[in-house]
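Here's a set of exercises to work through with the viewer open. Try each task yourself before reading on to the solution.

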Amino acid sequence: MSEYQYYRFESVDGYLDTPQRAALRAISSRADITAKSFRVHYNYSGLKAEPVDVVLNYFDIGFYYADWGSIDAYIKLPLGTIPDELLQTRNPNFQIVETDEWLLLIFSLEEYGDYFEDEDADNFFQYLALLRAELMQGDWRLLYFMWLQELDYNEEVASIPLINFNFNILSEAQHAFVSLFDIPLGLVKAVSLVLDEKPSHHAQHVQLDAQAWLKQLSGEDKNTLLVALFELGQLSRSQALAMTRKQQEHEKSVYKYWLNATVLQPYTVIAEQQLKQEQAIAQAKKLAAEKVAKEENLTQLYNKRDSIWKNAEQQSSRACASGYDNAYNDLHQLAEAYQFKTEQAAFDLRFKRFVIKHQSRKALMKRLENLRTTQ
């Protein structure tokens, strides 16, 4: 078994100073390190530090995967961003690390079944900053996803506050998360059905507007931030939020509406049925759109048929493998276009002339065998 490991971390709000970059360089001499990011991969070795510590000390988001199937996604938030009542899950795929300033959420997969590579990691990584922003603005659906994942195999889960989030329409980042971490969509749909019928708490989204935030700070909060800025030289948004949260006395939310296995269970069957119907409709729309797009493309090819025939001639005359490949691709597309326009006889006649003209090119004729047998 090979031992390929990939690490990528990024600071969303702040920048790494020179001493921090030097400390990171001591962790990995081969990493690509910038003022905001860290990226490296290893074969048969690994990072000289725990990813948890790297994120807590330097970054806001992170991602790790190994080619034996392990995946970890990291999101760091100021302590107090998420109510404790939403952090009671015992899902083994979800870990929570708290410090005096930070709350680190770790989402894990022990055995990812599909093939995964750096491009997949980079594609998912772009969503981590968006997911973090959603959490900081009061959109806590990510926590419900992990709660539902635990409920899928363990009905004895702790209750979670029933807050009226929209589970029918997920953000693009949430869709990516649900797909990667295999969140049960039927249960997500069931939550939306519960919210349609049961009383729930209003979802309060926080707008991270700098001017509005500064106005609600006390004089003590502002002095704290100024001192920190003077001492540190820079201050990220996350650091500022964490520091002022420690200074402020927030009224603790009192929840009286709760979601648990008993509340959700009556809605699961109908939710699965609705989900299958929605997926069938979505698949039908997708196929219909693909059909329209293909027919438009075939029409365009047919309208350009003379130039495509000419290009196939030119490519064949190159008398090389790439030219023959290009000629075959042109002719294959023409065959589909003529067939779509019910002009098969016209294609057959022109194709026959093409074959007679180039029959001495054996490598080309071999490529065209499949096409010739369809005539």
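## Warm-up: a loop residue

Ala-319 is found in the loop between α12 (305–317) and α13 (321–340). Keep in mind that this is a predicted model.

**Exercise 1.** Find the phi of Ala-319 and decide how accessible this residue is.

*Solution.*
- Start with the backbone: phi of Ala-319 is near 55 degrees, a positive value in a residue other than glycine.
- For background, most residues other than glycine have a negative phi.
- Next, the surface: Ala-319 has 46% relative accessibility. The partly exposed class runs between the 20% and 50% cut-offs, so Ala-319 counts as partly exposed.

**Exercise 2.** Do the same for Tyr-44: what is its phi, and is it buried or exposed?

*Solution.*
- Locate it: Tyr-44 sits in the loop between β3 (37–43) and α2.
- Tyr-44 isn't a glycine, yet its phi is positive, about 65 degrees.
- Its relative accessibility is 58%. Exposed means over 50%, so Tyr-44 counts as exposed.

## The whole chain

**Exercise 3.** How does the radius of gyration of the chain compare with that of a compact globule of 375 residues?

*Solution.*
- The globule would come out near 21 Å.
- The chain itself has 29 Å, against that globule value.
- Now check the extents: the C-alpha trace spans about 90 × 55 × 45 Å along its principal axes.
- Add the inventory: the chain holds 16 helices and nine strands.
- Then look at sequence separation. Of the contacts with a separation of 6 or more, 73% come from residues 24 or more positions apart.

**Exercise 4.** What share of the residues is buried, and what supplies the exposed area?

*Solution.*
- Buried residues make up 43% of the 375 in the chain.
- The chain exposes about 20800 Å², and carbon and sulfur atoms supply 49% of that.
- On charge, there are 39 positive and 52 negative side chains, with the centres of the two sets 13 Å apart.

## Cores and packing

**Exercise 5.** Which residues touch the most other members of the largest nonpolar core, and what is Ile-82 in contact with?

*Solution.*
- That core has 63 residues. Phe-63, Ile-82, Phe-107, Phe-124, Phe-177, Phe-181 and Leu-264 touch the most other members.
- Zoom in on Ile-82 and skip its neighbours within four places in sequence. You're left with contacts to Leu-77, Leu-87, Leu-103, Leu-105, Leu-135, Trp-140 and Leu-143.
- Another core lies apart from the largest one; it has 22 residues, including Phe-38, Tyr-42, Leu-47 and Tyr-74.

**Exercise 6.** Which residues of helix α2 are buried, and what covers them?

*Solution.*
- Helix α2 takes in residues 51–58, and its buried residues are Pro-51, Val-54, Val-55, Leu-56 and Tyr-58.
- The cover for the buried residues of α2 includes β1 (4–10), α1 (18–27), β5 (71–78), β6 (94–98) and β7 (102–109).
- Now pick a residue from one of those elements: Phe-9 is found in strand β1. At 0% relative accessibility, Phe-9 counts as buried.
- Leaving out neighbours within four places in sequence, the contacts of Phe-9 include Pro-51, Val-54 and Val-55, along with Phe-38, Leu-47 and Phe-63.

**Exercise 7.** Where do Tyr-144 and Phe-165 sit, and what do they touch?

*Solution.*
- Tyr-144 belongs to helix α4 (residues 141–151). Its relative accessible area is 1%, so Tyr-144 is buried.
- Phe-165 lies in the loop between β8 (160–161) and α5 (172–180). Phe-165 has 4% relative accessibility and counts as buried too.
- Ignoring residues up to four places away in sequence, Tyr-144 touches Leu-86, Ile-160, Pro-161, Leu-162, Ile-163, Phe-165 and Phe-167.
- From the other side, and with sequence neighbours up to four places away again set aside, the residues that Phe-165 touches include Trp-140, Arg-141, Tyr-144, Leu-195 and His-205.

**Exercise 8.** How far apart are the C-alpha atoms of Thr-224 and Lys-189?

*Solution.*
- Thr-224 is in helix α8 (residues 219–232), and with a relative accessible area of 22% it is partly exposed.
- Thr-224 and Lys-189 are 35 residues apart along the chain, and their C-alpha atoms are separated by 45 Å.

Terms used: Residues numbered from 1 in each chain as written. Predicted model: local features only at pLDDT ≥ 70, side-chain atom pairs only at ≥ 80, totals over all residues. Heavy atoms only, no water. Core = buried A, V, L, I, M, F, W, Y, C linked by side-chain atoms within 4.5 Å. Buried < 20%, exposed > 50% of the residue type's maximum accessible area, 1.4 Å probe, protein only. Contact = heavy atoms within 4.5 Å. Helix = DSSP H or I, 4+ residues; strand = E, 2+ residues; numbered from the N terminus. Rg over C-alpha atoms; globule rule 2.2 N^0.38 Å. Areas by Shrake-Rupley, 256 points an atom, 1.4 Å probe, with all protein chains shown as cover. Lys, Arg positive; Asp, Glu negative; His and termini not counted. Charge placed at Lys NZ, Arg CZ, Asp CG, Glu CD.
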